Amino acid sequence: MQPSSWMNADLHCHSCVSDGTLTPEALAQRAKERGVELWALTDHDEIGGQQRAQEAALALGLAYLTGTEISVSFCGQTVHIVGLGFDADNAALAHGLAATRGGRRERALEMAEGLAQAGIHGSFEGALKYVGNPELISRTHFARYLVETGVCADTSEVFRRFLTEGKPGFVPHRWASLRDAVRWIDDAGGLAVIAHPARYRFTANEEHALFSEFKAHGGRGVEVVTGSHSAAEALRYAEVAQEYGLAASRGSDFHSPDESHTDLGALPELPSQLTPVWELLKNRIQQPR
Ligand code: AMP
Ligand code: MN
Ligand code: MN
Ligand code: MN
């Protein structure tokens, strides 16, 4: 399989190694069944599932790119930077991700305290039941527990009422810097991508700072088509990609069959005027034999 400008690439999703519910193997199977031709598993701040994902993909005849999604603090918000096609054995990247993950447990304990003050008890232990990787306790795991106990009807309601800025279970956290995240990926031979840009609440100046600093640090891509963009948002970020000279990525951000609206591979095409990230990553794609 040679990468072409149109292909069903899905370069963003999560397994139980971060806050998804499926194993890397089950995701590979699902991606294959849903027509994905080039796949990347991008767990939050973790590459512990990469070998399993790659082996499962290649065994199914599915081309694979290594992936991760790094949490970054920028202008008072959390920005996600997806890394693709890096060397998963790179030591500096592994150290950087471990440092970024560190502190999630303490943060989770503080979140549970905040929730207890709002009358919701036992949420740390409750969230842990959903955690597949003890180093990776995420707000998503708390959300699943609050749905299980009937406090909220679904995870979006949990985030709205309890887990976002100003709400009882929200604990501000210092993640990686933009510069470090982009460099870890770049120095490991990969390509850094700004994830789901329409999700942030930046002013025009802050957004300009994000894109220009990202480029200056060596960032080369932006997600244009993702499960969290509307058609209008995809068009807007297609223009932004051209304005900043960035390649375009495409990924569902699939987490769970019960929670995600966009399934693996079920995305619109990238607008045709853009350079897909996989054209810049031809040499990094693992091909099935
Ligand atoms: P954390 O890295 O622990 O701050 O958790 C971030 C994760 O929470 C994201 O990767 C999403 O999976 C999930 N998330 C964030 N906002 C929402 C939302 N409004 N509704 C559902 N899930 C969300
Ligand atoms: Mn997530
Ligand atoms: Mn994200
Ligand atoms: Mn994601």
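A search of the whole structure turns up 11 salt bridges. Bear in mind that this is a predicted model. Besides the salt bridges, there are manganese sites to look at, plus a two-domain layout: domain 1 covers 9–100 + 174–284 and domain 2 covers 104–163.

**Manganese sites**

- Start with the manganese ion (ligand 4), which is held by H12 (NE2), H14 (NE2), E69 (OE) and D253 (OD) at 2.1 to 2.2 Å. Along the sequence, these donors follow the pattern H-x1-H-x54-E-x183-D.
- H12 has a relative accessible area of 0%, so it counts as buried. H14 is buried as well, with a relative accessible area of 0%.
- The manganese ion (ligand 2) takes D19 (OD), H44 (NE2) and H255 (NE2) as its protein donors, at 2.1 to 2.2 Å. Their spacing in sequence reads D-x24-H-x210-H.
- H44 and H255 bring together distant parts of the chain, 211 residues apart: H44 is in the loop between strand 2 (38–39) and helix 2 (50–59), while H255 is in the loop between strand 8 (247–251) and helix 11 (277–280). Both H44 and H255 are buried.
- For the manganese ion (ligand 3), the protein donors are E69 (OE), H80 (ND1) and H196 (NE2), lying 2.2 Å from the ion. Here the sequence spacing is E-x10-H-x115-H.
- E69 sits in strand 4 (residues 67–74) and H80 in strand 5 (residues 77–84), so this pair ties together parts that are 11 residues apart in sequence. E69 and H80 are both buried.
- E69 turns up twice, as a donor to the manganese ion (ligand 4) and as a donor to the manganese ion (ligand 3).
- As for the metal-to-metal distances, 4.6 Å separate the manganese ion (ligand 4) from the manganese ion (ligand 2), and 5.7 Å separate the manganese ion (ligand 3) from the manganese ion (ligand 2).

**Where the two domains meet**

- The C-alpha centres of domain 1 and domain 2 are 25 Å apart, and 14 residues of domain 1 touch 10 residues of domain 2.
- About 890 Å² is buried between the two domains, with carbon and sulfur atoms giving 45% of that area. On the domain 1 side, D19, W175 and E259 supply 46% of the area buried against domain 2, more than any other three residues.
- D19 is also one of the donors to the manganese ion (ligand 2).
- There are 2 salt bridges between domain 1 and domain 2, along with 7 residue pairs in polar contact across the interface.
- E259 pairs with R144 in a salt bridge, with the closest N and O atoms 2.7 Å apart.

**Other salt bridges**

- E135 and R101 form a salt bridge with 2.7 Å between the closest N and O atoms. This one links distant parts of the chain, 34 residues apart: E135 is in the loop between helix 5 (123–128) and helix 6 (139–148), and R101 is in helix 3 (residues 91–101).
- E135 is partly exposed at 43% relative accessibility, whereas R101 is buried at 11%.
- R236 meets E207 at 2.5 Å, N to O. R236 belongs to helix 10 (residues 231–244) and E207 to helix 9 (residues 204–217), so the salt bridge ties together parts 29 residues apart in sequence.
- R236 is partly exposed, at 41%, but E207 is buried, at 15%.
- R161 and E157 pair up at 2.6 Å between their closest N and O atoms. They are 4 residues apart in helix 7 (residues 155–163), which means about one helical turn separates them.
- R30, R34 and D263 are joined in a network of salt bridges.

Methods. Residues are numbered from 1 along each chain as its sequence is written. Chains are lettered from A and ligands numbered from 1 in the order in which they are written. This is a predicted model: local features need pLDDT of at least 70, side-chain atom pairs count only at pLDDT 80 or more; totals for chains, interfaces and linings use all residues. Side-chain values use heavy atoms; hydrogens and water are left out. Donors are N, O and S atoms within 2.8 Å of the metal (3.2 Å for Na, K and Ca); water is not among the atoms, so sites may look incomplete. Helices (H or I, at least four residues) and strands (E, at least two) are DSSP runs, numbered from the N terminus. Buried means under 20% relative accessible area, exposed over 50%, partly exposed in between (1.4 Å probe, protein chains only). Domain bounds come from an automatic or database domain assignment. Contact means heavy atoms within 4.5 Å. Buried area is the accessible area (1.4 Å probe) that two parts lose on being put together, summed over both. A salt bridge is a side-chain nitrogen of Lys or Arg within 4 Å of a carboxyl oxygen of Asp or Glu. A polar contact is a pair of N or O atoms within 3.5 Å; within protein, one must be able to donate a hydrogen and the other to accept it, and residues adjacent in sequence count only if both atoms are side-chain atoms.
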